[in-house]
Amino acid sequence: MSGLTRSGTAMLIALASLHGAAPADASPAPPAVASFSPHTVDASLPGAAFAVAGDVEGDGRQEVVATGFGRFKAVPGGPPIPPAAGALAVYRQSGRDLGAWSKRLVFDTDAAIPFPNEPGVADVDRDGDRDIVVPGGFLGCTTSCGSLTWWEHRADGVWKRHDIVTPGSSPLFYHRAVLVDFDGDGRKDLVTVGESLRPVTRIEGRPPANAWTQVFRGVDGPDRFSREPVDLAAGGGALPVVADVDSDGDLDVASAQYFEPGAAFLWLERTAVPDADHPFGGFTPHVIDTTQGRAIQLRPVRNLYGDGGTVWVGSNHTNTVFPPGSTDPVSQVVSFSVPADPRSPWGTTPLSTGIVSRGRAGQAAPGVFGSGDLDGDRDIDLLVSGDGDDRLFWLEQKDDRTFVTRVLATAAGQAGGAVVTDLDRTWPPRNEAVFTVFESDSVVVWSRN
């Protein structure tokens, strides 16, 4: 899985531009396609996995925060041995130079956290600086290895560890944890989805499931969170989002699904007020789509079409090549049309074309995606990891609200990150693209030429 599986080396794809003025009686020349140049942030983060951007130092500048899984050990004639532990690093630019970065490890393999996943940068303890939440674990572990920790950014420069789920103490693994006041009590909670290859029973009287949407409740005290999660409902996937899906004034949860069968995308509607037995209220799952196969990411994109509205965009995670004769749906990024009653299935419109996973077991495409103006024409484009397809893509939005799939780089399969942000603070603002590349242990930034 993308962002959940990782990727290879990054290479620039040169895109030709048209030059010279057209004769007065000639048809206008088409606009030049934007081209991009890579800048290596780090070429030695073993198993580079997830990346986000955030102002860790509190100086108004964004750092790149990335996790690395470590390296798998090849075994002749057998499956590779997964790494025992990974690392978390913060990268800071030297001035505005996208080619010069300093690296600071928050933790290394001695922290014994297998498969550290997407970090979340936020002021967890409300002391004015930025801390980092780190979910962990994955299917590659030979035993249970799920974890959930947060790392307190102290004034003395030391990162203090707080365990919410101690590594290996839960049969579930976690890929993202959203910090939000989910119950309105003034304390931030962590909303997440725990997943497993095998069904797990969480709520008495309900059948086991491969995924459970959970909340770790915010509490007073230095550790900030309860260690016992509240299970909202079965279902959900690796990268949940918290949003008012049905516009009724409260917070719901939506996500893509990979391990839990039955739907590619779903959302949980808050249907009952909190009580003593249900501190966050009651939640009812609703299927968004069943046509896209397994999926990896769903998120709302604000102002996608420049009209101030929000459009939900999803990325499935399929392999139409392997095994031979696969009946998986086409690998693609889609947008959703939300019906008047969002509890009904949502319609889909393909946004991408030509993304195809490699013919390998355990590979699927596409992967994670981000959004922002990549080519400088003031509309929103999409940045996409091919994941099982070893290319990186950007989807250029055209005037008619359609998208053209462009290749950003090749030999970069199983990439994570897909962050669109202005790292070097140019004027006028110009966004960069941030990816991790697993197979080359790299973190790379692409800037528009």
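Valine 321 sits in the loop between E22 and E23. The model here is a predicted one, and this loop residue makes a handy way in. With a relative accessibility of 38%, valine 321 falls in the partly exposed class, because that class lies between the buried limit of under 20% and the exposed limit of over 50%. Val321 also joins Phe322 and Val356 in a nonpolar patch on the surface, about 210 Å² in area.

The strands on either side of that loop belong to an open sheet. Its 4 strands come in the order E21-E22-E23-E24, and the pairing is antiparallel. Strand E21 (295–302) and strand E24 (347–350) are the edge strands; each has a single partner, so one side of each goes without a neighbour in the sheet. On average, neighbouring strands of this sheet are turned by 30° against each other, leaving direction aside. Further in, strand E22 (residues 310–316) and strand E23 (residues 333–337) run antiparallel and are joined by 3 bridges. Serine 315, for one, has valine 333 of E23 as its bridge partner.

Next comes strand E30, where the picture is one of burial. This strand covers residues 432–437, and 6 of its 6 residues are buried, so the rest of the structure largely encloses it. Cover is found on both faces: Glu432, Val434 and Thr436 are buried on one side, while Ala433, Phe435 and Val437 are buried on the other.

E30 also has strand partners. Strand E29 (residues 415–421) pairs with E30 in the antiparallel sense, over 6 bridges. Within that pairing, valine 420 is matched with alanine 433 of E30. Another 6 bridges tie E30 to strand E31 (residues 442–448), again running antiparallel; here glutamate 432 has serine 447 of E31 as its bridge partner. E30 and E31 together make a hairpin with 4 residues between them, and in its turn aspartate 441 takes a positive phi of about 55°.

Finally, there is the matter of cross-linking. The structure holds 1 disulfide, formed by cysteine 141 and cysteine 145, whose sulfur atoms lie 1.8 Å apart. The torsion about the S-S bond of this cysteine 141 and cysteine 145 pair is about 85°, so the disulfide is right-handed. Cysteine 141 and cysteine 145 are both buried, in contrast to the partly exposed valine 321.

Technical notes
Residues are numbered from 1 along each chain as its sequence is written. This is a predicted model: local features need pLDDT of at least 70, side-chain atom pairs count only at pLDDT 80 or more; totals for chains, interfaces and linings use all residues. Side-chain values use heavy atoms; hydrogens and water are left out. Two strands pair if DSSP finds at least two bridges between them. Helices (H or I, at least four residues) and strands (E, at least two) are DSSP runs, numbered from the N terminus. Axes are lines fitted to C-alpha atoms, for helices over the stretch in contact, and angles run from 0 to 180 degrees between N-to-C directions. Patches are made of residues with over 30% relative accessible area and no salt bridge: like charges are joined within 9 Å, nonpolar side chains (Val, Leu, Ile, Met, Phe, Trp, Tyr) within 5 Å. Accessible areas come from the Shrake-Rupley method with a 1.4 Å probe; for residues, only the protein chains shown count as cover. A salt bridge is a side-chain nitrogen of Lys or Arg within 4 Å of a carboxyl oxygen of Asp or Glu. Buried means under 20% relative accessible area, exposed over 50%, partly exposed in between (1.4 Å probe, protein chains only). A disulfide is a pair of cysteine sulfur atoms within 2.5 Å.
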